[in-house]
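Visitor: I would like a close look at one part of this protein. Please take me to its helix packing, and then to the pockets and loops around it.

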Amino acid sequence: MARLTEDAKGVYVIAVTPFADDGALDLESIDSMVDFYEGAGVTGLTVLGQLGEAPKLTAEESRTVVERVLKRLDGRLPVVVGVSAPGLAPMGELAKAVMGEGAAGVMVAPPWTVRTDDQVFAFYQSVGETLGDTPFVLQDYPLTTNVTIAPAVIERVVREVPNCVMLKHEDWPGLSKITRLRAASDKGSMRRISILCGNGGLFLPEEMGRGADGAMTGFCYPEMMVGVVEAYGAGNPDRAHEIFDAYLPLARYEQQQGIGLACRKYVLAKRGVIKSPALRKPGPRLSALDIADVERLLARQAVHLKEIGA
């Protein structure tokens, strides 16, 4: 498999991790999930992310998930693996293992212990050294890491850490950050790297308009993200917004802190992508009222999609 580069674009969907009702890994559902994402037209997969419940997996289970996904894809699509860890040693060990299995690159979020600009830069400088020639994604997600990364720090990392090839932009919404980084690369003060965006796609049309290359996030209808990115690529932002608008109510509901992932897994199970909507404990379950909300949104979404011919 080709390695991740600064030219990456499209939709790298954040994959869920399927569990059985008893919390065991569901390997068969990993296969069906991979088939579903590929059929939806995604460009690549990202596994072991926060919403892939990576912190709930053992080291052996993490390896098992990556191996199963890579085996199912058999090189047809690139796979990025989240390897964030409290220390550099376990991060480096997992990165080496998954790259040896055929991953295209890895993703690293900063630990909560880094606070100043210099500390953030020093951390990613150490990440680059630890990973060697492995390309990595800088995950900028202050909502979960509590680490705010200023654009100037990202510019410095890009200039001085050559194996940083992508920014996973999840500031809230941070549109001005994309604008500044694109201006910096346009004037030659930093390399142009790939920028893929998160936050469940809530700001994807605007992010594409600011110069993002696509999405790296999850949503129970990845077709939305694929449609938006393809429409922008075809020079039709109005169609991109039209597609986005049809899915927005459900995407908004799914972005709730707490039950958002439970909602995503509920819909994926309903669509036959995975067998069970279970989250590994500790994790919430949807109430009867939550499910009623989701079902109402799904019904309205179907009407809107029919109206726009999608």
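Guide: What follows is a walk from helix α4 outward, through a predicted model.

Begin with α4 itself, which spans residues 117–131. One of its partners is α6, residues 151–160. The two helices pack at an angle of about 30°. Their axes are 10 Å apart. Angles under 35 degrees count as roughly parallel, and α4 and α6 are therefore roughly parallel to each other. The crossing of α4 past α6 is right-handed. Now look at who touches whom. On the α4 side you will find D117, D118, V120, F121, Y124 and Q125. On the α6 side, the contact is made by V153, R156, V157 and E160. Sort these residues by class and you get five nonpolar, one polar and four charged.

Next, turn to another partner of α4. This is α3, residues 88–101. The axes of α3 and α4 come within 10 Å. They cross at roughly 40°. That angle makes α3 and α4 oblique to each other. Here too the crossing is right-handed, as α3 passes α4. From α3 come L88, M91, G92 and A95. They meet F123, S126, V127, T130 and L131 in α4. The contact of α3 with α4 divides into six nonpolar residues, three polar and no charged.

Stay with α3, for it leads to a pocket. The largest pocket holds about 750 Å³ of space. Its lining has 32 residues. Which helix gives the most to that lining? It is α3, with five residues. The elements that give two or more residues are α3, α2 (59–73) and α5 (142–145). Nearest the centre of the largest pocket lie P55, V83, S84, A85 and P86. By class, the lining has 18 nonpolar, 11 polar and three charged residues.

There is a second largest pocket to visit. About 500 Å³ of space lies in it. It is lined by 28 residues. Q50, L51, Y141, Q257 and L261 are the closest to its centre. Helix α11, residues 260–270, gives the most to this lining, with three residues. The classes here are eight nonpolar, 14 polar and six charged.

Now for the loops. Most residues other than glycine have a negative phi, and most peptide bonds are trans. Two places depart from that pattern. E53 has a phi near 60°, a positive value in a residue other than glycine. E53 sits in the loop between β2 (44–47) and α2. The α2 helix is the one that also gives residues to the lining of the largest pocket. The other place is the peptide bond from K281 to P282, which is cis, with omega near -5°. P282 lies in the loop between α11 and α12 (288–308). You have just met α11 at the second largest pocket, where it gives three residues to the lining.

One more helix pair closes the walk. Helix α9 covers residues 222–233, and helix α10 covers residues 237–254. They pack at an angle of about 170°. Their axes are 7 Å apart. Angles over 145 degrees count as roughly antiparallel, and α9 and α10 are therefore roughly antiparallel to each other. The crossing of α9 past α10 is left-handed. On α9, the contact is made by E223, M224, G227, V228, A231 and Y232. On α10, the residues are P237, R239, A240, H241, I243, F244 and Y247. By class, the contact of α9 with α10 has nine nonpolar, two polar and two charged residues.

Technical notes
Residues are numbered from 1 along each chain as its sequence is written. This is a predicted model: local features need pLDDT of at least 70, side-chain atom pairs count only at pLDDT 80 or more; totals for chains, interfaces and linings use all residues. Side-chain values use heavy atoms; hydrogens and water are left out. Axes are lines fitted to C-alpha atoms, for helices over the stretch in contact, and angles run from 0 to 180 degrees between N-to-C directions. Helices (H or I, at least four residues) and strands (E, at least two) are DSSP runs, numbered from the N terminus. Angles under 35 degrees count as roughly parallel, over 145 as roughly antiparallel, 65 to 115 as roughly perpendicular and the rest as oblique. A crossing is left-handed if the near helix is turned anticlockwise from the far one by less than a right angle, and right-handed if clockwise. Contact means heavy atoms within 4.5 Å. Ala, Val, Leu, Ile, Met, Phe, Trp, Tyr, Cys and Pro count as nonpolar, Asp, Glu, Lys and Arg as charged, and the others, Gly among them, as polar. On a 1 Å grid over the protein atoms alone, a cavity is a set of points where a 1.4 Å probe fits but cannot get out, and a pocket is an open set with protein on both sides within 12 Å along at least five of seven lines; lining residues have an atom within 4 Å of a point. Grid points are joined across faces, edges and corners, and a volume is the space filled by probe spheres set on the points.
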